[in-house]
Amino acid sequence: EVDRLSANGSFYIKSGINSHLFNNCFFYSMSCYTGIELGISITDEGLSFIGYNNVAWALLDGYMQLSIDCDNFGIKKFINGSTIAEAFQLMQENFTTAIDYLENQGEAFLASKLRKNRDALVLYGNGSLTINDFHVN
């Protein structure tokens, strides 16, 4: 379902139920479909959201780390001082670099999965914020 984050059939974040708990937050989710409804709901009450509005594919075996690195690239850039919008743009560029790498390795099918991930990324809310705009302990 597109209005929640869930595990083992139970939701732990759901639009209209507890998404208000993320007021004044930057919400970064690499879960499938969270950008369709949950991300919009969170930015109605919060500040910013980055996530996927479609299926998010995870590469396995020898390319698992590449997949993980692509998913975490944006949050690392944000933590290191980029604005949310800059982190989003850099994340898309990093996906493109990884896609090119896979294509050069003869892995067109795997490259197509990362391309789908890149194309499903969405940013909602205020992209001009940096980590300095948040109270971080």
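Reader: How many helices and strands does the secondary structure of the chain come to?

Author: The chain has 4 helices and 5 strands, taken as DSSP runs (helices H or I of at least four residues, strands E of at least two, numbered from the N terminus). Read from the N terminus, the order is β-β-β-α-β-α-α-α-β. The model is predicted, with pLDDT of at least 70 needed for local features and 80 or more for side-chain atom pairs, while totals for chains, interfaces and linings use all residues. Residues are numbered from 1 along each chain as its sequence is written, and side-chain values use heavy atoms, without hydrogens and water.

Reader: Why does the radius of gyration of the chain agree with a compact globule?

Author: The rule for a globule is 2.2 Å times the number of residues to the power 0.38, with the radius taken over C-alpha atoms. For 137 residues this comes near 14 Å, and the chain has 15 Å, so the two agree. The C-alpha trace spans about 45 × 35 × 25 Å along its principal axes.

Reader: Why does Thr43 count as buried?

Author: Buried means under 20% relative accessible area, exposed over 50%, and partly exposed in between (1.4 Å probe, protein chains only). Thr43 has 18%, so it counts as buried. Thr43 sits in helix H1, residues 38–45. Beyond its neighbours within four places in sequence, Thr43 is in contact (heavy atoms within 4.5 Å) with Ser48, Phe49, Tyr124 and Gly125. A polar atom of its side chain also lies 3.1 Å from the backbone oxygen of Ile40.

Reader: And Ser82, what makes it count as buried?

Author: Its relative accessibility is 13%, so Ser82 is buried as well. Ser82 lies in the loop between H2 and helix H3 (84–104). Leaving aside neighbours within four places in sequence, its contacts are Lys77, Ala87, Leu90, Leu129 and Thr130. Across the chain, buried residues make up 43% of the 137 residues.

Reader: Why is Met64 called partly exposed?

Author: Its relative accessible area is 39%, so Met64 falls into the partly exposed class. Met64 belongs to helix H2, residues 64–79.

Reader: Which residues form a nonpolar patch on the surface?

Author: Met64 does so together with Leu60 and Ile68, and the three have about 260 Å² of accessible area together. Such a patch joins nonpolar side chains (Val, Leu, Ile, Met, Phe, Trp, Tyr) within 5 Å, and its residues have over 30% relative accessible area and no salt bridge, that is, no side-chain nitrogen of Lys or Arg within 4 Å of a carboxyl oxygen of Asp or Glu.

Key. Patches are made of residues with over 30% relative accessible area and no salt bridge: like charges are joined within 9 Å, nonpolar side chains (Val, Leu, Ile, Met, Phe, Trp, Tyr) within 5 Å. Accessible areas come from the Shrake-Rupley method with a 1.4 Å probe; for residues, only the protein chains shown count as cover. A polar contact is a pair of N or O atoms within 3.5 Å; within protein, one must be able to donate a hydrogen and the other to accept it, and residues adjacent in sequence count only if both atoms are side-chain atoms.
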